[in-house]
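I opened a fresh notebook page for this complex. My plan is to look up a strand, then the domains, then the chain contacts.

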Amino acid sequence: MGMDINTKKLKKNAFRVSKERGIGASRIRVPGGYLDAKILGMVQEIAETYGNGYVHLTTRQGFEIEGIHLEDMEQINQKLQPIIEMLEINQTDPNTGYPASGTRNISACIGNNVCPFANYNTAKLAKRIEKEVFPNDLHFKIACTGCSNDCAKVRMHDFGIIGMTLPQYDPGRCVNCQACVKGCKSLSVNALRVENYKIVRDEEKCIGCGVCITKCPTRALTRSKKKYYKLTIMGRSGKKNPRLGEDFLVWADEDNIVKIICNTYRFVEKYISPSAPARKEHVGYIIDRVGFEEYKKWALEGVELLPETIVKECVYWSGIHFD
Amino acid sequence: MKNEYIPQLSTIKEVIRHTDVEYTFRMEFTGEVKPGQFFEVSIPKFGEAPISVSGIGDGTVDLTIRRVGKVTNEIFETYVGEQLYLRGPYGNGFDLSEYKGKELVVIAGGTGLSPVKGVVDYFAKHPKEAKKVTLIAGFKSFNDILFREDFAWWEKEIEVIQTVDNAPDGYLGNTGMVTKYIPDLQLADIENTAFICVGPPVMIKFTVMEILKLQVPEKNIWVSHERKMCCGLGKCGHCKIGATYICLDGPVFNYVEGKELLD
Amino acid sequence: MGYQFTKAEAERMFEKWGSQYDVFAPKLMEGEGCFSDTDVVRYGKVTSLDEIVWDRKSDYSLKEVLLAINETLFYFTEDKTTVPEGPQKDILIFLRSCDLCAVQRLDEIYLKNGYEDFYYARVRKRVKFILMGCKTSCASGFCVSMGTNQARQYDAYVKVDNTQKVVYADIKDKVLKAFVEGGKEIEVTPDYVTENVEKVNLPKNLSNKSFENTIWQEYGDRCIGCGRCNFACPTCTCFTMQDIFYKENAKVGERRRVWASCQVDGYTDMAGGHSYRKTQGERLRFKVMHKIYDFEKRFGYPMCVGCGRCDDICPEYISFSNCVNRLTKEEAEHEK
């Protein structure tokens, strides 16, 4: 008997059609790449029961269980249910798997759970954004990274969130050892100098990476109580014009970043090309079409930025052009 | 309670220029002071520097300063009639009684002559108080020679060998390192001869090696150590070597003790 | 005299102490740790017993209360020097046995060793010490090995019971005792540990020969020269002088002394560029020998109090206690 499958529906349900007829793959999203190790056992069980026993660790920090038979999709969705619940993924109907796949898993570097350089809990923010934006069929890629090292390669995403901290300096605790100055120079942007045996920070230059703080042996330099973020926008890979995301906001706060991301979904709903195949027009290309000014208007709708947040008046992207 | 950190203003009575970078500042000072002791000399806003006493006069002390850093650069901008801040003297200094009635050989390299100059001055003024006094003073070149006027009168009172490391052809004076002149010293009684050796660490090392070759007992040798003496009060720690604070226990050491001071 | 107070009675007494004294104690500085979302425990002014961190050792020691990190020695105008005022109030310091023993070392340097230090002395004579006991040993400390596990020179001892309901105190100082109201008189002896996890054997016969041990270079290769060990140490006392002129008015300025570290570049630099102990290995040797040998040679007892803070704070996981034990073992083997 021939197979009759709605592949559009299949893809939205986070399955994939493979090279081999009748065989597909099941995609599991893991926001922030952070999961209870028990889930690994569940993935293993599905892979051994329904797949070929192999799993691909995706570039976006999910799992892709290979070699599944497309006729098993319903049963696999049943098996995915505890994973979906443990990871607290928004779902429409239980036991029906993932309700969308357009908006990709929110990925993140390991963040301040572990990494000494990270300026915030990246997995937690990834999860918060996931909660806000998923499920959605629109094609969005969002990533969180703990510091300006950008290990999560967030500048290759539609939205990249880079952790920042505003160094707090107590000159009374400073012994002029200059570990911060040397650290900033060798590892970061050389934004510190010594004047009268005390540290002067070039506020224009400083990227809020926090290196100086980790180098300080006396706690003269500490992190700001407030956590800050840099929001980079519209980076992408792809066939037409791959490019790195550019800074949109610097010294921004978490709430407003989430708001801007949500606003951007509305912008896309409004401007996406009606002829886009499967409503798959990347947001970056839409902004290229309608202009940054218009995008900015939509993005900042209802957003009250912190006084210290720097908004880039205009954003230009470069990248490689093939056309 | 006395606040030892507060310096006193002292007027510069006279400036004697030796070279482009080495001047002696004759400073107003009344109080007890010994050759080999040092003062913390400062110009507010630029900082303090430990400077050894290079001469003791009536109501004055001489401080010979080499222009090598922030403080000394600034001191050079200040001249006669102006004032510097002083606190001190600190350190043990040379105990002249150790050398009286003996043969004395003073070996100095460059600015190392400053701390020991008071000793030379004393015995040049009172040559009878020692059996024989010899000064071997080495400088990098003719232009680096310090205390030229003093050499002129010392030569009349004591044995003086002045040498330069490097000299152009035709130079009439002595050339070569101070160590070159040690083997030829004519000493009547090695056991009763005192040696004082002051200069950069490398110079001290090789000079002492040469002195020991003469079968001089270690206890007959005195050295002066230079270190970063930030406070002069045994507090800041910068000059400590082993269990010794150079600012309190030194800078002058008998070699028996001095040889143990290793960094 | 020993007392048992209710928490409320103890807080009332504490409040009265607070009216008479500035009270310094280990305090949790939230978010001020080296890394994101980490805290640091260091000395600060406290206004209640609850503000004091009782359950862990402070990351930085009590010495910053007695010896300001930056101390202005005097201000100068054109030809005048003005010494800033000392502390306005008497001071109470809550501290553990190791730190109280460290005060003896600080006194040795700052009240004796040649000259009495004006600035240290004027703070020191206004300080009373309140001992916090140690029921159990901290992980890195080796106070028992150093004989610093039990300090008796305290003015008062205060212990908040686990239940947070009862406070025990032994108040020896008459002035502090005068603030006691209520409470029950009982026998109170300070908690102290009799055994640590870390045990350190000091080497017996160190000398300049010990310079040749390869251990120094080995540890030196790992050391980054950040000075954390010195800054966290309750017994390190070094400082550097700084002269500052104000940008706004070049005629006015000040002279300060600022904590210094023998591990950090520049410590031995002399004007003209000469410096001693250029390698981290030499610097580490200098520090270790000072803590366990040189100081003792001069003053008759070892400098290190075994608090273990240098081990805890080292970003390169260099352990002072392990280093000393290795040195002891290797020096003993050399002698054979």
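**Entry 1: what counts as pairing.** Before looking at partners, I note that two strands pair if DSSP finds at least two bridges between them. I also remind myself that this is a predicted model.

**Entry 2: strand β1 of chain C.** With that in hand, I looked up who stands across from F5(C): the residue opposite is V167(C) in β9(C). I then checked the two strands as a whole, and five bridges join β1(C) to β9(C), residues 166–171, in an antiparallel run. A second partner turned up: β10(C), residues 184–185, pairs with β1(C) over two bridges, again in the antiparallel sense. There I found E185(C) as the bridge partner of Y3(C).

**Entry 3: the two faces of β1(C).** Which residues of β1(C) point to the buried face? I looked along residues 2–6 and found Y3(C) and F5(C) buried on one face, while G2(C), Q4(C) and T6(C) point to the other and are not buried. I recognised the pattern, because side chains in a regular strand alternate between the two faces of the sheet.

**Entry 4: confidence.** I checked how far to trust chain C: its mean pLDDT is 94, and 100% of its residues reach 70 or more. For the complex, the predictor gives an ipTM of 0.94 and a pTM of 0.93.

**Entry 5: domains of chain B.** I found chain B divided into domain 1 (8–90) and domain 2 (96–224). Their C-alpha centres lie 24 Å apart. Where they touch, 12 residues of domain 1 are in contact with 14 residues of domain 2. On the domain 1 side, β4 (47–57) and β5 (60–66) of chain B each supply at least two residues. I noted that β4(B) gives the most to that side, with five residues. By class, this side of domain 1 has three nonpolar, seven polar and two charged residues.

**Entry 6: how the chains meet.** Which chains share the most contacts? Of the two pairs of chains in contact, I found that it is chains B and C. No contact joins chain A and chain B, and their closest C-alpha atoms lie 10 Å apart.

**Entry 7: chain C against chain A.** I counted this contact as 21 residues from chain C and 20 residues from chain A. On the chain C side, β3 (40–45), α8 (228–232), β11 (239–245) and β12 (253–259) each supply at least two residues. I closed the page with the classes on that side of chain C: 11 nonpolar, six polar and four charged residues.

Technical notes:
Residues numbered from 1 in each chain as written. Chains lettered and ligands numbered in written order. Predicted model: local features only at pLDDT ≥ 70, side-chain atom pairs only at ≥ 80, totals over all residues. Contact = placed C-beta atoms within 7 Å. Helix = DSSP H or I, 4+ residues; strand = E, 2+ residues; numbered from the N terminus. Nonpolar A, V, L, I, M, F, W, Y, C, P; charged D, E, K, R; others polar. pLDDT = per-residue confidence, 0-100. Domains from an automatic or database assignment. Buried ≥ 20, exposed ≤ 12 C-beta atoms within 10 Å, placed from the backbone.
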